[in-house]
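Student: I'm new to this structure and a bit lost. Could you pick one part, take me through it closely, and then show me what else is worth a look?

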Amino acid sequence: MEKFILFAAAHPILVGIFVVLLILLIITENQKGGKTISNIELTQLVNRDDTAVIIDLRDSKSFKAGHITQAINVPHATLKQNLQMLDKYKESPVILVCDHGQHSGSSGQILSKSGFAHILRLRGGIHGWSGENLPLVRS
């Protein structure tokens with residue numbers, strides 16, 4: 001750590017450029033997968049727009065253990081194979097939900113490349129949802 005501090009002190013321009021590029025990379029990658037929304041924003045969107053669809057990217061076992069009302073289960077691993085099934089939602093707001101939010105970004109990129117117009121990701125995934133004691137449907 002001491003060597004890093006010495007390097008940063010000796011080369012502030014290089015470190016500054018690195019930090020700026022890292023921030024830009026993070027912002028760009030996050031935007032590719034769609035905008036993130038909070039639990040409240042998800043609830044308001046679904047209540048306001050009856051065409052919005054929630055896609056749960058977890059495996060079927062996790063989905064059956066508890067999911068958001070009216071969510072469609074399309075596991076992240078099989079998303080590319082199931083794109084045809086989702087074609088009818090291309091013009092609708094699509095909210096992606098996974099465990100913690102780790103798969104929703106890459107899934108959002110897949111959907112975006114396939115022509116989906118309005119992709120959103122649930123911040124914190126299903127753990128954030130259940131952490132706020134919001135209702136889950138068990139099947």
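Tutor: Sure, let's start with the largest pocket, which has a volume of about 180 Å³. Keep in mind as we go that this is a predicted model.

How do you find empty space like that? Rolling a probe the size of a water molecule over the atoms shows where empty space is left.

Now, which residues line the largest pocket? They are L42, T43, V46, N47, I54, I68, T69, Q70, W129, L134 and P135. Helix 3, residues 39–48, gives the largest share of that lining, with 4 residues. As for chemistry, the lining splits into 7 nonpolar residues and 4 polar ones, with no charged residue in it.

So much for the pocket; let's see where charges do pair up. Side chains of opposite charge can pair when their charged atoms come close. Searching the whole structure turns up 2 salt bridges. In one of them, the side chains of R58 and D56 meet, 2.8 Å from N to O. Are those two buried or exposed? Both R58 and D56 are buried. K90 and D87 make a salt bridge too, and there the closest N and O atoms are 3.7 Å apart. This pair has some access to the outside: K90 counts as partly exposed because its relative accessible area is 25%, and D87 is partly exposed as well, at 36%.

Next, have a look at the surface. F18, V19, L22, I23, L25, I26 and I27 form a nonpolar patch there, and together they have about 630 Å² of accessible area. Take I27 as an example: you'll find I27 in helix 2, which covers residues 12–32. With a relative accessible area of 41%, I27 is partly exposed, because that class runs from 20% to 50%.

For a contrast, jump to helix 6, residues 104–113, where the buried residues are S104, G105, S107, G108, I110 and L111. A handy thing to remember while you look along a helix: an α-helix has 3.6 residues a turn, so residues three or four places apart point the same way. Let's zoom in on G108, which sits in helix 6. Its relative accessibility is 0%, so G108 counts as buried. G108 and L96 are 12 residues apart in sequence, while their C-alpha atoms are 7.4 Å apart in space. Finally, follow the chain just past the end of helix 6 and you'll meet G115, which takes a positive phi of about 100 degrees.

Definitions and conventions:
Residues numbered from 1 in each chain as written. Predicted model: local features only at pLDDT ≥ 70, side-chain atom pairs only at ≥ 80, totals over all residues. Heavy atoms only, no water. Buried < 20%, exposed > 50% of the residue type's maximum accessible area, 1.4 Å probe, protein only. Helix = DSSP H or I, 4+ residues; strand = E, 2+ residues; numbered from the N terminus. 1 Å grid on protein atoms, 1.4 Å probe; cavity = no way out; pocket = protein on both sides within 12 Å on 5 of 7 lines; lining within 4 Å. Points joined across faces, edges and corners; volume = space filled by probe spheres on them. Nonpolar A, V, L, I, M, F, W, Y, C, P; charged D, E, K, R; others polar. Patch = residues over 30% accessible without salt bridge, like charges linked within 9 Å, V, L, I, M, F, W, Y side chains within 5 Å. Areas by Shrake-Rupley, 256 points an atom, 1.4 Å probe, with all protein chains shown as cover. Salt bridge = Lys/Arg side-chain N within 4 Å of Asp/Glu carboxyl O.
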